Amino acid sequence: MFGLSNSIRVFLAVEPVDLRKSFNGLHCVVQDRLNEDPCSGTLFVFTNRRKNRIKTLYWDGTGMWVAIKRLEKGCFSWPQGVGADEKLSLAPEALALLLDGVDLKQGSLKPW
């Protein structure tokens, strides 16, 4: 998978998304719901209702990446939005913690 540099911008979609969507579907979610340019070089992160899967969309300058992570047990500690915001900006380090099972609000490791 692609490496996360400290300079990459990360947006997390706060509301769950139908993860049956692939490139074009997630591209539309980024444009319509998040009001962002999918080809900006920003990493966009989505989850499903059960919060046991994460899907990312990323434009690397030559093409679009879609990557998915499915947990075999447990769920991700998904942050909530503030106000009417559909997206939350995360530091790459915070995304790495989220993917590793750390609850960002409490700073604790999930039991799974």
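Colour the chain by secondary structure to begin: you should find two helices and seven strands. Walking from the N terminus, the order is β-α-β-β-β-β-α-β-β. What you have open is a predicted model, so switch the colouring to confidence next. The average pLDDT over the protein chain is 87, and 87% of the residues reach at least 70. Compare two elements here: strand 2 has the highest mean pLDDT, 96, while strand 7 (residues 108-109) has the lowest, 58. Where pLDDT is low, the predicted coordinates should not be read in detail. Keep that in mind when you click around strand 7.

**Stop 1: helix 1**

Select residues 23-32, which make up helix 1. Which residues of this helix are buried? Show side chains and pick out Leu-26, Val-29 and Val-30. Now turn the helix until you look down its axis. The buried residues fall within an arc of 100 degrees, so they line one face of the helix. Flip to the other side and you meet Asn-24 and Asp-32, both exposed. To see what covers the buried residues, add strand 2, strand 3 and strand 4 (64-70), which are among the parts that do so.

Zoom in on Val-29 for a moment. Its relative accessibility is 7%, so Val-29 counts as buried. Beyond its close sequence neighbours (those within four places), Val-29 is in contact with Val-17, Lys-21, Leu-34 and Phe-46. Try the distance tool as well: from the C-alpha of Val-29 to that of Ala-13 you should get 9.1 Å, although these residues are 16 apart along the chain.

**Stop 2: a pair of rings**

Next, select Phe-11 and Phe-44. A search of the whole structure turns up one aromatic pair, and here are its two members. The ring centres are 6.2 Å apart and the planes meet at 25 degrees; planes under 30 degrees apart count as stacked, so this pair is stacked. Phe-11 belongs to strand 1 and Phe-44 to strand 2, so the pair ties together parts 33 residues apart in sequence.

Are these two rings buried or exposed? Phe-11 has a relative accessible area of 10%, so Phe-11 is buried. Phe-44 comes out at 0%, so Phe-44 is buried too.

Keep Phe-11 on screen and add Lys-87, which lies over the face of the Phe-11 ring, 5.4 Å from the ring centre. Then add Glu-36, from the loop between helix 1 and strand 2. What does Glu-36 touch? Not counting residues up to four places away in sequence, the list is Arg-9, Phe-11, Val-30, Gln-31, Phe-44 and Lys-87. Glu-36 has a relative accessibility of 18%, and the cut-off for buried is under 20%, so Glu-36 counts as buried.

**Stop 3: helix 2**

Jump to residues 92-99, which form helix 2. Show Pro-92, Ala-94, Leu-95 and Leu-98: these are buried. Look down the axis again and you will see that they cover an arc of only 155 degrees, which puts them on the same side of helix 2. What do the buried residues of this helix pack against? Bring up strand 1, strand 2, strand 3, strand 5 (87-90) and strand 6 (102-103) to see their partners. Just after helix 2, click on Gly-101: its phi is positive, near 95 degrees.

**Stop 4: the cores**

In soluble globular proteins, nonpolar side chains tend to be buried together. To see an example, show Val-10, Leu-43, Val-45, Ile-54, Trp-78, Leu-95 and Leu-98, which touch the most other members of the largest nonpolar core, a set of 14 residues. Strand 1 (10-13), strand 2 (43-47), strand 3 (53-59) and helix 2 each supply at least two of its residues. The largest share, three residues, comes from helix 2.

Centre on Leu-98 from that helix. Setting aside neighbours within four places in sequence, Leu-98 is in contact with Leu-12, Ile-54, Phe-76, Ser-77, Trp-78, Pro-79 and Leu-104. Apart from this core lies another one, of eleven residues, including Phe-11, Val-30, Leu-34 and Leu-57.

**Last stop: zoom out**

Show the whole chain again. How many of its 112 residues count as buried? The share is 38%. Finally, think of contacts between residues at least 6 apart in sequence: 56% of these join residues at least 24 apart.

Technical notes: Residues are numbered from 1 along each chain as its sequence is written. This is a predicted model: local features need pLDDT of at least 70, side-chain atom pairs count only at pLDDT 80 or more; totals for chains, interfaces and linings use all residues. Side-chain values use heavy atoms; hydrogens and water are left out. A nonpolar core is a set of buried Ala, Val, Leu, Ile, Met, Phe, Trp, Tyr and Cys residues joined through side-chain atoms within 4.5 Å. Buried means under 20% relative accessible area, exposed over 50%, partly exposed in between (1.4 Å probe, protein chains only). Helices (H or I, at least four residues) and strands (E, at least two) are DSSP runs, numbered from the N terminus. Contact means heavy atoms within 4.5 Å. pLDDT is the predictor's confidence in each residue, from 0 to 100. Rings of Phe, Tyr and Trp (its six-membered ring) pair if their centres lie within 6.5 Å; planes under 30 degrees apart count as stacked, over 60 as edge-to-face and the rest as tilted. A charge sits over a ring if NZ of Lys or CZ of Arg is within 6 Å of the ring centre and within 35 degrees of the ring normal. The arc is that of the directions from the helix axis to the C-beta atoms.
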